[in-house]
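Reader: I would like a close look at one part of this model, namely a single helix and its surroundings, followed outward to the rest of the assembly. Please take it slowly and keep the reasoning explicit.

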Amino acid sequence: MNKPNVDQLKDLAKEIRKDVLTMLSEAGSGHTSGSLSCVEIVVALYYYKLRHDPKNIKWPERDRFILSKGHTCPTLYAVLARRGFFPCEALMTLRKRGSILQGHASLVTPGCEASTGSLGQGLSIADGMALSARLDFKDYRVYCLLGDGELDEGQVWEAAMTAAHYKVDNLCAIIDYNKQQIDGWTSDIKNLEPIKDKWLSFGWHTIEIDGHDFKQIMDALDRAEMIKGKPTMIIAHTVKGKGVSFVEKNAPGYHGTALKKDDLEKALKEIEGL
Amino acid sequence: MANLKPTRDGFGEALVELGKINKDVVVLSADLTASVRANWFKDKYPERFFNFGVAEQDMISTAAGFALSGKVPFACTFGIFASGRAWDQIRLSVCYMNLNVKISGTHGGISVGPDGASHQALEEITLMRVLPNMTVIVPCDSEEARLATLASASYPGPIYLRLGREPFPIITDYKDSYRIGKALRMADGSDITIIGTGVMVQEALKAHEELKKRGISARLLNLHTVKPIDKEEIIKAAIETGAIVTAEEHTVVGGMGSAVSEVLVENCPVPMRMVGIKDRFGESGDALELMKYFGLSAEGIVKAALEVLKLKK
């Protein structure tokens, strides 16, 4: 595949946002605002960075991506479908009985590398994969996307210590730092700041970026690959509900809610006009 | 005097054997490396040994990552921390994905002794057997533990091995016949069946002798695999002997006795008694003294057998 340029990636992000909102609306439930905040990150990973082959899903040399914030799986599903892991028609079966698209990320979906949903477990899983690569003398890399509310979980910090201790430099994690969780602003519920200093003091290399700017995401992913002897954390500043003004204004309200049909029409128009 | 060995020793020996024959075996520990007998593997295969410090949740999910990459991880810590502290990780990261993760929980049961209630795991069989895809194994001596560990490496899916700290004699002699999921008939009998698991098989063997002296012919089943449970052997015992006593060093709430009763009520209900811990926490004390105090003894089993025989039609 030729790697798309930034304009093409932007167009793809629009399509993914529309897919996400439409499939959630069709499902009648699901996590809207957190799915919208990580669109550019997941698109950049699957269209720019990851070494993978949708025709050979279990290719041993592939890079791995773990969606630790498993509730925002609609974004992953839409990207996997458009990338050719399974037919796009499946997207409209999200959350329905017998679907390959479960309510939270699951191994039953072709291309999905781990089942997640109970927060805090993905970074540990990524550590295990990255350490396995080292044992097998393979050069694949492992990527892991975490939510910011997820950082409240103690296990994340256990995994952070493990990755630094074992100098797991084939691991790159990304925080979708949209500053909000179900109950409201992260700063009100349990302050995460100084977030960069936390990761630095845990022995990680850190890169801070605008998580909606493709150039910055691509550049950060490239730079992470150059860092040796420690894992890298990309702190991606994002907007919860990004792309739909009324979702952005009430992001916690749309944390676990899908758009009604009328709102969906409005939202799709707004994204088209971006 | 018979050679006394704890089941954790058989586990540790098997890990070293596995290290040699299976390059995919990795061992994970949470700061209790010598206590769980993972140190023998660590000394021989340091590059395949990973210490997580006091972080059981991270250890279990990392084990899942290893398994997703084709490794056969053995994650080792005390039973209370493995089954309790990391239960959600075992549920989602291991069992839901049906991964090849082997979890060894040592220091199971009241026989942990002086450490007291905080460290006496009495609930692991219950906590683990409710999880889909999970296999639960409770060896009764170090040789059975060794065989179970070796078999685990090539048995697909998640496995929980419940191991103990207290040394006991080797009472099994399998040669090549050990099979996960297949109960071992250690003595035949026609009046009643005693079903034991783990170290309670040791006491059940003594109870069998005591009952024989009283003219009672007791069958003895060693139910080393609590899940998947050997229905066939249990139903056969109920039909042929008409009364059952279960014996476990574990709470009777949801434990091995409960698992047996689930088979019986649906297939062949017969009078039954459960010997085990009666819905309470443990306390400090000498291991064997505690087992006696809590009725986890040959006397306790004999008493239950005499009671249940009265109910038999």
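Author: In this predicted model, the part to begin with is helix H4 of chain A, in which Cys73(A), Pro74(A), Thr75(A), Leu76(A), Tyr77(A), Ala78(A), Val79(A), Leu80(A) and Ala81(A) are buried. The helix covers residues 73-82, and 9 of its 10 residues are buried, so H4(A) is largely enclosed by the rest of the structure. The cover over its buried residues includes helix H1 (6-27), H2, H3 and S1 of chain A. Just after the helix, Gly84(A) takes a positive phi of about 100 degrees.

Two of the covering helices, H2 (33-37) and H3 (39-49) of chain A, are joined by the loop that holds Cys38(A). This cysteine has 27 other C-beta atoms within 10 Å and is therefore buried, the cut-off being 20 or more. Once neighbours within four places in sequence are set aside, Cys38(A) is in contact with Thr72(A), Thr75(A), Leu145(A), Asp176(A) and Thr238(A). One of these partners, Thr75(A), is among the buried residues of H4(A). Another, Thr72(A), lies 34 residues from Cys38(A) in sequence, yet the two C-alpha atoms are 8.3 Å apart in space.

The strand that helps to cover the helix, S1(A), leads on to the sheet. Five strands of chain A form an open sheet in the order S1-S2-S3-S7-S6, with parallel pairing. Strand S1 (64-67) and strand S6 (205-210) of chain A each have a single partner strand and stand at the edges, so one side of each is left without a neighbour in the sheet. From one strand to the next the twist averages 20 degrees. The partner of S1(A) is strand S2 (residues 142-147) of chain A, and the two pair in the parallel sense over 4 bridges. In this pairing, Phe65(A) has Tyr143(A) of S2(A) as its bridge partner.

Two backbone details of chain A deserve a careful look. Lys167(A), in the loop between H6 and strand S3 (171-177) of chain A, has a phi near 50 degrees, a positive value in a residue other than glycine. With 14 C-beta neighbours inside 10 Å, Lys167(A) counts as partly exposed. The other detail is a cis peptide bond from Glu193(A) to Pro194(A), with omega near 0 degrees, and Pro194(A) is placed in the loop between helix H7 (186-189) and helix H8 (195-201) of chain A.

From here the view widens to the second chain. The contact between the chains takes 20 residues from chain A and 21 residues from chain B. On the side of chain A that touches chain B, helix H5 (122-135) and helix H6 (154-165) of chain A each supply at least two residues, and H5(A) gives the most, with 9 residues. By class, this side of chain A has 8 nonpolar, 9 polar and 3 charged residues.

Chain B itself is assigned domain 1 (4-169) and domain 2 (184-311), whose C-alpha centres lie 25 Å apart. Between them, 26 residues of domain 1 of chain B are in contact with 31 residues of domain 2 of chain B. On the domain 1 side, the elements that give two or more residues are helix H6 (124-129), strand S6 (135-137) and helix H7 (142-153) of chain B, and the residues of that side divide into 13 nonpolar, 8 polar and 5 charged.

The largest nonpolar core has 184 residues, and those with the most contacts inside it are Val43(A), Ile194(B) and Ile301(B). Both domain 1 (4-169) and domain 2 (184-311) of chain B give residues to this core, so it lies between them. Apart from residues up to four places away in sequence, Ile194(B) touches Ala204(B), Ala207(B), His208(B), Ala218(B), Leu220(B), Val245(B), Ala247(B), Ile301(B) and Ala305(B).

Chain B, too, has backbone details to note. The peptide bond from Lys227(B) to Pro228(B) is cis, with omega near -5 degrees, and Pro228(B) is found in the loop between strand S12 (225-227) and helix H9 (231-241) of chain B. Asp31(B), although not a glycine, has a positive phi of about 70 degrees, and its place is the loop between strand S2 (25-29) and helix H2 (39-44) of chain B. Asp31(B) counts as partly exposed, with 15 C-beta neighbours inside 10 Å.

Technical notes: Residues are numbered from 1 along each chain as its sequence is written. Chains are lettered from A and ligands numbered from 1 in the order in which they are written. This is a predicted model: local features need pLDDT of at least 70, side-chain atom pairs count only at pLDDT 80 or more; totals for chains, interfaces and linings use all residues. Two strands pair if DSSP finds at least two bridges between them. Axes are lines fitted to C-alpha atoms, for helices over the stretch in contact, and angles run from 0 to 180 degrees between N-to-C directions. Two residues are in contact if their C-beta atoms, placed from the backbone, lie within 7 Å. Ala, Val, Leu, Ile, Met, Phe, Trp, Tyr, Cys and Pro count as nonpolar, Asp, Glu, Lys and Arg as charged, and the others, Gly among them, as polar. A residue is buried if 20 or more other C-beta atoms lie within 10 Å of its own, exposed if 12 or fewer, and partly exposed in between; C-beta atoms are placed from the backbone. Domain bounds come from an automatic or database domain assignment. A nonpolar core is a set of buried Ala, Val, Leu, Ile, Met, Phe, Trp, Tyr and Cys residues joined through C-beta atoms within 7 Å.
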